[in-house]
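Here are a few notes to go with the structure you asked about. Keep the viewer open and follow along as you read.

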Amino acid sequence: QVQLVESGGGLVQAGGSLRLSCAASGRTFSTQAMGWFRQAPGKEREFVAGSSWTGGFTYYADAVRGRFTVSRNNAKNILYLQMNSLKPEDTAVYYCAASESGLYGSRWLGLHEYDYWGQGTQVTVSS
């Protein structure tokens, strides 16, 4: 099992920044990729950004490319999501997820591709 714990959410004004963290523990040696997803009220959970386990490859949803950056601290097994130029439509619960499969292309987007999920952290962007 892999345990994932997100932190760093909060309330920010439009145009501001937040950095989310996801600490991974347990059987992390089985993890090939990690991703960030978000779910707004009344909407389906959607892919935001992903990173290979080593951080050498990243993948972004069109809605956040250029504003969000995913990165890793390999020594501490922490995945980050730096969110800049935040918009009210970025308001959602953000989830960290880990996959035991190597992901590429559209596979990054599929919820079923991920084996472990965190509990989520709320991000609220006010206008």
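1. Let's start with Leu-109, which is partly exposed, with a relative accessible area of 42%. That label applies because buried means under 20% and exposed means over 50%, with partly exposed in between. Do bear in mind that you're looking at a predicted model.

2. So where does Leu-109 sit? Look in the loop between strand 9 and strand 10 (116-117). Setting aside neighbours within four places in sequence, Leu-109 is in contact with Phe-37, Phe-47 and Tyr-59. Try clicking on Trp-36 as well: its C-alpha atom and that of Leu-109 are separated by 9.8 Å, although the two residues are 73 apart along the chain.

3. Trp-36 turns up again in the largest nonpolar core, which has 36 residues. Trp-36 is among those with the most contacts inside this core, along with Leu-4, Met-34, Leu-81, Met-83 and Tyr-94. Which elements give two or more residues to the core? They are strand 1, strand 3, strand 4 (33-39), strand 5 (46-52), strand 7, strand 8, strand 9 (92-99) and strand 11 (121-126). Strand 9 gives the most, with five residues. As a bit of background, nonpolar side chains tend to be buried together in soluble globular proteins.

4. Now for the sheet. Four strands form an open sheet in the order 1-3-8-7, and the pairing is antiparallel. At the edges are strand 1 and strand 7 (68-73), each of which pairs on one side only. From one strand to the next, the twist averages 20 degrees.

5. You can walk across that sheet pair by pair. Begin with strand 1 (residues 2-7), which pairs with strand 3 (residues 18-26) in the antiparallel sense, over six bridges. Here Val-2 stands opposite Gly-26 of strand 3.

6. Next, strand 3 pairs with strand 8 (residues 78-83), again antiparallel and over six bridges. Which residue in strand 8 is the bridge partner of Ser-21? That one is Tyr-80.

7. The last step takes you from strand 8 to strand 7: these two run antiparallel and are joined by six bridges. Find Phe-68 and you'll see that its bridge partner in strand 8 is Met-83. Met-83 also links this point back to the core, as one of the residues with the most contacts inside it.

Key:
Residues numbered from 1 in each chain as written. Predicted model: local features only at pLDDT ≥ 70, side-chain atom pairs only at ≥ 80, totals over all residues. Heavy atoms only, no water. Pairing = 2+ DSSP bridges. Axes fitted to C-alpha atoms, helices over the stretch in contact; angles between N-to-C directions. Core = buried A, V, L, I, M, F, W, Y, C linked by side-chain atoms within 4.5 Å. Buried < 20%, exposed > 50% of the residue type's maximum accessible area, 1.4 Å probe, protein only. Contact = heavy atoms within 4.5 Å.
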